[in-house]
Amino acid sequence: MFFIPTEAEQSLFDKINSGIADTLDWVYGHSIVFVLIILLVGFGIYSTIKTRAIQFRLFGHMWHVALNSRDGAHGGISSFQAFTVGLADRIGTGNIAGVAIALVVGGPGAVFWMWIIALLGMATGFIESTLGQMFKVRNPDGTFRGGPAFYIERGLGKRGWGVLFSVLLVFTFAFAYEMIQANTLSAIAAENFGWPTWVSAIVLVLISAPFFIGGLRPVARFTEILAPLMAVLYILLALITFITNWHMIIPVFQTIFASAFGLNQAAGGVLGGIYAAFMNGAKRGLFSNEAGEGSVPNAASTATVNHPVKQGLIQSLGVFVDTILVCTATAFIVLVGGVFDINATEQSQLVQDLSGANLTIESLGVLGAWTKPVMIIIIFMFIYSTLLGNYAYAEGNEKFLRGIDSKGWFSKIICIVAVVFGAVMSLNAVWVIGDWAAALLVLVNLTACLFLYKWAIGALKDYEHQRKTKPEEEILFCSTDNEFLPGELPTDIWSAEGIAAGRHIGKAAE
């Protein structure tokens, strides 16, 4: 996956690393993943039913809310900034390297299952992000923080369960995921520019540490520009690829659907083809869009909004942008680029030797040599923004663990150390560790969402009722004596008193 040396060249560390990766991947693939998929698909279907297919019914409204939410933060984090922090974290190696890896291992059908996971995940993302907003707490400076740890503690009264989630999230995002991002970038720099890995480590630390130290606000302001820009640039490159290879679009779609249902022999027969496509599409889909993992609600809860449902809708849209748009763009680039043979039963040695990100880069060469430096810049932007988004999540959960006065130095240090070690070490085990960590986060978060979903559904009913009776600018959520909620919301932010005091909008200074 990442510059793994040959057996003759392997150091003791490399052998141990490979052994751990193989063992964890075998156990994960033969046990944990089934529980994970059942939870993701099951809760996605359940959420779709309970929200009356909100991802389809209100799809157009999601765009309207997202594109008209840059103002009104009153010095805090705007709804659009929270959206871009979530998008910045979602769009990273999962979209570039992860999709390419899924294609090589699971065949083109993996893309279809990514789509299914994402469409169901849009409803899941709505539930968890709405809950994040409803149970958020106010910081001393008037901004907000929240996420699964907070709605577990405040909604279920389970502090220990919230602590468990926070510890898992800090480990996953400050350590495992930061190492994955840094490792992918150093691999690209080494293969394309001949950079020693230690040079990549130094560069990444120099450009990331100032944002780690500065905290959430600088990250939000920076990603507000970077995240939409990089997504648009990448999708434009994909569109150019589609247009110049228009004759391949229908065959590519046919191959994706045929492979998804085992109608070709590329992945080991009918059952083998379905299994490989489904498993790899589901795993890489979760890693990419993070719906159900409980990460994005941490960003959603920081937003200053007049109704929790707005962030639920916006973050639901983020799942669509990440997977249906960006991951599909990667898939089409690889499938029409000529390096990956969509009709081959076994891929060439070149494809097997390339790392996921470099397979995407080489495939885009179908447009000409000019695409290589452009693609490397885009991938760098993807990875860099994800490094920042990962830190933002870890910092918020450290504050849950250690108190609001915590400066988040543990997360800052862990992120910097992870960037250094991720860049210089061969870490084929880290992807598998990341899969395990994600599975545990999903298990804790979706269990909590199952107990608390009625709050999100109540907020949705309140929002849709107000949309029918009020102009959009007058919509305001109030939890006090709200007929749509299952009880009194345990927070002062959305209460009648809190609204009168302006607590729902924060009091931060610019």
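**Note on helices and backbone in the predicted model**

1. Helix α17, which covers residues 371–402, contains 32 residues and reaches 46 Å from its first C-alpha to its last, close to the 46 Å expected at 1.5 Å a residue. This and every point below refers to a predicted model. The helix α17 is mostly covered, since 25 of its 32 residues are buried, and it is followed by Gly403, whose phi is positive, near 105 degrees.

2. Val296 is found in helix α13, residues 296–300, and with a relative accessible area of 1% this residue counts as buried, the cut-off being under 20%. Although Val296 and Gly389 are 93 residues apart along the chain, their C-alpha atoms are separated by 9.6 Å.

3. Helix α8, residues 159–193, has 35 residues, and the distance from its first C-alpha to its last is 49 Å, close to the 51 Å expected at 1.5 Å a residue. Along its course α8 bends by about 35 degrees, the bend being placed at Thr172. Just after α8 comes Gly194, which takes a positive phi of about 75 degrees.

4. For helix α6, the 26 residues should span 38 Å at 1.5 Å a residue, and the end C-alpha atoms are indeed 38 Å apart, so the two values agree. A reader who inspects the axis should nevertheless note a kink of about 35 degrees in α6, centred on Gly121. As to its surroundings, 24 of the 26 residues of α6 are buried, and α6 is therefore largely enclosed by the rest of the structure.

5. The pairing of α6 with α14 deserves its own point. Two packed helices are described by the angle between their axes and by the distance between those axes. Here the axes of α6 (residues 109–134) and α14 (residues 308–336) come within 7 Å and cross at roughly 160 degrees. Because angles over 145 degrees count as roughly antiparallel, that crossing makes α6 roughly antiparallel to α14. The crossing in which α6 passes α14 is right-handed, and by class the contact of α6 with α14 has 16 nonpolar, 11 polar and no charged residues.

6. Ala53 has a positive phi of about 55 degrees although it is not a glycine, and its place is in the loop between α1 (12–50) and α2 (54–57). Is this residue buried, exposed or partly exposed? With a relative accessible area of 22%, Ala53 is partly exposed, because that value lies between the cut-offs of 20% and 50%. The C-alpha atoms of Ala53 and Leu119 are separated by 9.9 Å, while the two residues are 66 residues apart along the chain.

7. Asp481 likewise calls for a look at the backbone, as it has a positive phi of about 50 degrees although it is not a glycine. Asp481 lies in the loop between α19 (428–469) and α20 (496–500), and its relative accessible area of 68% is over 50%, so this residue is exposed.

Note on methods: Residues are numbered from 1 along each chain as its sequence is written. This is a predicted model: local features need pLDDT of at least 70, side-chain atom pairs count only at pLDDT 80 or more; totals for chains, interfaces and linings use all residues. Side-chain values use heavy atoms; hydrogens and water are left out. Axes are lines fitted to C-alpha atoms, for helices over the stretch in contact, and angles run from 0 to 180 degrees between N-to-C directions. Helices (H or I, at least four residues) and strands (E, at least two) are DSSP runs, numbered from the N terminus. Angles under 35 degrees count as roughly parallel, over 145 as roughly antiparallel, 65 to 115 as roughly perpendicular and the rest as oblique. A crossing is left-handed if the near helix is turned anticlockwise from the far one by less than a right angle, and right-handed if clockwise. Ala, Val, Leu, Ile, Met, Phe, Trp, Tyr, Cys and Pro count as nonpolar, Asp, Glu, Lys and Arg as charged, and the others, Gly among them, as polar. The expected span of a helix is 1.5 Å times one less than its number of residues. The bend at a residue is the angle between axes fitted to the seven residues ending there and the seven starting there. Buried means under 20% relative accessible area, exposed over 50%, partly exposed in between (1.4 Å probe, protein chains only).
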